[in-house]
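Let's take a walk through this model together, one piece at a time. Have the sequence and the 3D view open as you read.

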There are 2 protein chains.
Amino acid sequence: MFILKVLVVGANGQIGTHLVKLIQESGTLQAKAMVRKAEQQEKFKQLGADTLLVDLEGKIDNIAKAAEDVDAIVFTAGSGPKTGPDKTIAIDLDGAVKTIEAAKKAGVNRFIMISSYDTTREAIQEAAGSSFAPYVIAKHYADIWLRDSKLDYTIIHPGKLTNDAGTGQVEAAPSVARDEVPREDIAEVILESLKDENMIGKEFQVIKGKTSIKEALNRLS
Amino acid sequence: MFILKVLVVGANGQIGTHLVKLIQESGTLQAKAMVRKAEQQEKFKQLGADTLLVDLEGKIDNIAKAAEDVDAIVFTAGSGPKTGPDKTIAIDLDGAVKTIEAAKKAGVNRFIMISSYDTTREAIQEAAGSSFAPYVIAKHYADIWLRDSKLDYTIIHPGKLTNDAGTGQVEAAPSVARDEVPREDIAEVILESLKDENMIGKEFQVIKGKTSIKEALNRLS
């Protein structure tokens, strides 16, 4: 199915903001920026994007309503490092699951999840007892829920995110050595994944690299 | 299958301690008390129960090894109100899931989960934003994991737990009005559920009541 309109959940985050901008600049796609606070809407209006207020701690129906007129959903919300693990479980796990269920309710099959670099059982064990553990556990279960959802998913596992300018080049594979990657490049990986039906069912890690994003994704297909 | 030996995960908790005692007094069953700290073992040794040290934040294999010689597993571990939501997600959710996976690995089909009174999506929404929310979310996903596990499960949803002496009488049904229930009576509900194959696949709420525990469970069957 040809993707036209994309609901960006967590649009106010750094990847989300890059993504809305890229979508609006693409000429073919259109973004709907879902944010939590009214003051976060202005920048998206200025980009010409639709924008709406939905709290991820609220009901599935509210998210489903937001998804009614879109062709794809990108989940790039995260409670962030400034909040506690109570928000990690409420947003990174339960918020993600509610968004997946909302996609089903709204009949939106295409779903792209921005996961973290490693959400395997082994990664949970490595993080055990550390402050990072709740986040890994939350993302682990969110990813499982999406894999089991029967949606047309893509799960993106970025390396260590930086605010460096995007290079348009990455390395992407089911497993790559841990390294940095600019958030702006991740946003472009998402955009290209939205455009390419071959990315459905794919799950991969992404770090900075020397291959153009389009080509790097082609090699995954 | 006739249950002889029972692994009690979270034996040092109040329900767990009551349960080990009841199992040892039953004459037919035998308890294996799984605890986290060496100093917690002594009281179980005095009851004549097997006891062993396993950290629920550790590997599935460690739990599976603990389950090798048992016929049933009771999960009554909880991070408790004194720890933060980091432990809630690590123990009440991930510890439960690891125990379920360990049961599969060890070939132990019978599994009894001590859940909380209400772990539905609606209960999560009611708790949203409160300090109780992480616990409800964690138990919600642990219960789902067990329902989907293909194990011979029973999921028990107790009302507000008290330290009152057990009365041997409860009210049990898929849905009952929220009320108190003594921990000692919950331990007896678990014991009777272990003895009764008809309790496989059952999920119910339990509060204090006027029906003998055996009869209350019979009515569920």
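Before we look at the sheets, here is the rule for strands: two of them pair if DSSP finds at least two bridges between them. Strands themselves (E, at least two residues) and helices (H or I, at least four residues) are DSSP runs, numbered from the N terminus. This is a predicted model, so local features need pLDDT of at least 70 and side-chain atom pairs count only at pLDDT 80 or more, while totals for chains, interfaces and linings use all residues. Residues are numbered from 1 along each chain as its sequence is written, chains are lettered from A and ligands numbered from 1 in the order in which they are written, and side-chain values use heavy atoms, leaving out hydrogens and water.

Start with chain A. Its nine strands make an open sheet with mixed pairing, in the order β3-β2-β1-β4-β5-β6-β10-β8-β11. At the edges sit β3 (50–53) and β11 (211–212) of chain A, each pairing on one side only. Further in, β1 (residues 5–9) and β4 (residues 72–75) of chain A run parallel and share four bridges. One spot to find there is A:Val8, whose bridge partner in β4(A) is A:Val74.

Now add the helices. Helix α6 (residues 133–147) of chain A packs on the sheet, touching β5 (110–114), β6 (152–158) and β10 (203–208) of chain A. Contact here means heavy atoms within 4.5 Å. The direction of α6 makes about 155° with that of β6(A); axes are lines fitted to C-alpha atoms, for helices over the stretch in contact, and angles run from 0 to 180 degrees between N-to-C directions.

Helix α4 (residues 85–106) of chain A has 22 residues and spans 29 Å from first C-alpha to last, close to the expected 32 Å, a figure that is 1.5 Å times one less than the number of residues. Follow α4(A) along and you'll meet a kink of about 35° centred on A:Asp94, where the bend is the angle between axes fitted to the seven residues ending there and the seven starting there. Just after α4(A) comes A:Gly107, with a positive phi of about 75°.

Over to chain B. Here, too, there is an open sheet of nine strands with mixed pairing, ordered β3-β2-β1-β4-β5-β6-β10-β8-β11. Strand β10 (residues 203–208) of chain B runs parallel to β6 (residues 152–158) of chain B, with four bridges, and B:Ile156 has B:Phe204 as its bridge partner. Strand β8 (residues 169–173) of chain B, by contrast, runs antiparallel to β10(B), again over four bridges, and B:Glu171 stands opposite B:Ile207.

For a link between side chains, look at B:Asp50 and B:Lys5, which meet in a salt bridge at 2.7 Å, N to O. That pair joins strands β3 and β1 of chain B, with their positions 45 residues apart in the chain. A salt bridge is a side-chain nitrogen of Lys or Arg within 4 Å of a carboxyl oxygen of Asp or Glu; the whole structure has 24 of them over all chains.

Where do the two chains meet? The contact takes 23 residues from chain B and 23 from chain A. Between them they bury about 1,800 Å², 70% of it on carbon and sulfur atoms; buried area is the accessible area (1.4 Å probe) that two parts lose on being put together, summed over both. Two salt bridges cross between the chains, including one from A:Arg121 to B:Asp94, with the closest N and O atoms 2.8 Å apart.
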